[in-house]
Amino acid sequence: MKLFKSLALASGLLAATGFASHAETRVTYKSASSSSSYYQMAVQIAEAMKAGTNGDVIVTVEESQGSVQNVMEAAARPGNYVFTTPPALVGLAQGGKAMFEGKSNPKFDEIRALFPIPSLTMHFVVREDAGINSFADMEGKTILIGKGSFGAREGAKYLGLFGLETKVNLPDVELSNAVPALKNGQIDGFVTAGSWPAPNVIEAAASVGVKVLSLDDEQIAATKRTRLVIPAGTYAGQEADIVTTSLPVVAYTTTNMDDDTAYQLTKTYWDQKTKMGEDAAWWNGVDQNLMGTITSAIHPGALRYYTEMDFPLSDAQK
């Protein structure tokens, strides 16, 4: 009896002094390589969720090898799993096409969208002294595109489109090695698909001196991507606008997440977006117009928020 009274007294003291147990919602956020802008975005989102919910939502950020891995894991990860990927990859996974051919899984049909994040922006970065002023000048050069990620596949696709598929040396190493390899003269350039301003491009521009190649209208049309302009002065030594391409990216979860958690994540994201934009410019390009890039069903909890806020929604999203 004395033991039970002691435990009751201890519980009362904990509650009275503010140390009562507190139910936290824990979320795993699978982003990208730790050297990428998307990893930094994930960290910012984690901080925003904690601040915006007074610690009720705790987000743990996990590094990944890229968007395809993120989608593949959606079929196996339990609970509150959030991941980022271009919407096109979700469609390919659900249809068992392209890189998902032979890897179909009914769990892919349970993927649901939460909110758009800054778009992937292609950067073709070359050393200033490499003698590369156009894509044709890449012939015979060593260009690192990484491996396994969407950016690596997109980079390889562009090289093929521009007649460079067998004319460029492609090291079989991770993109995280790009800046050191550029500094050491082991490569002439690298391709990254991070949102601008991209941290690895900032580092390369400041420490080595680089050029970021622009695409002409014909090249942009061949890629079937969206034209995007990176303003002059974004990177050290950049005196002119860079014309390149972009691809939308969305944060997804699965139907394993309950509606209230999805609602809280979505509401907090939009509530905190302005604050995040004060710390990193890439958030300022995210607005309601990007909702149109979501091409599949939105999680019912997130849908509740968008309906309350009168966001524009398509039938496919509901």
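Here are a few questions and answers about the core and one strand of this predicted model.

Q: Which residues touch the most other members of the largest nonpolar core?
A: As a general idea, nonpolar side chains in soluble globular proteins tend to be buried together. Here the largest nonpolar core has 77 residues. The ones touching the most other members are Ile117, Met138, Tyr269 and Trp283.

Q: Which helix gives the largest share of this core?
A: Look for the element that supplies 7 residues to this core. That run covers residues 37–52, and it's helix H2.

Q: Which residues does Trp283 touch, if we skip those up to four places away in sequence?
A: Skipping those neighbours leaves contacts from elsewhere along the chain. Among them are Ile117 and Tyr269, and both of these are also listed with Trp283 as touching the most other core members. The full set is Met41, Gln44, Ile45, Ile117, Pro118, Tyr269, Lys273, Met276 and Gly277.

Q: How many residues are in the second, separate core?
A: This core includes Leu144, Ala178, Phe190 and Ala204. Its count is 18 residues.

Q: How many residues of strand E10 are buried?
A: Buried means under 20% relative accessible area. E10 spans residues 242–254 and is mostly covered. Of its 13 residues, the buried ones number 12.

Q: How many bridges join strand E4 to E10?
A: Strand E3 pairs with E10 in the antiparallel sense over 3 bridges, with Thr84 partnered to Ala251. Strand E9 also runs antiparallel to E10, with 5 bridges, and Thr226 stands opposite Ser246 there. E4 and E10 run antiparallel too, and Ile111 stands opposite Thr254. For E4 and E10, the bridge count is 8.

Conventions: Residues numbered from 1 in each chain as written. Predicted model: local features only at pLDDT ≥ 70, side-chain atom pairs only at ≥ 80, totals over all residues. Heavy atoms only, no water. Core = buried A, V, L, I, M, F, W, Y, C linked by side-chain atoms within 4.5 Å. Buried < 20%, exposed > 50% of the residue type's maximum accessible area, 1.4 Å probe, protein only. Helix = DSSP H or I, 4+ residues; strand = E, 2+ residues; numbered from the N terminus. Contact = heavy atoms within 4.5 Å. Pairing = 2+ DSSP bridges.
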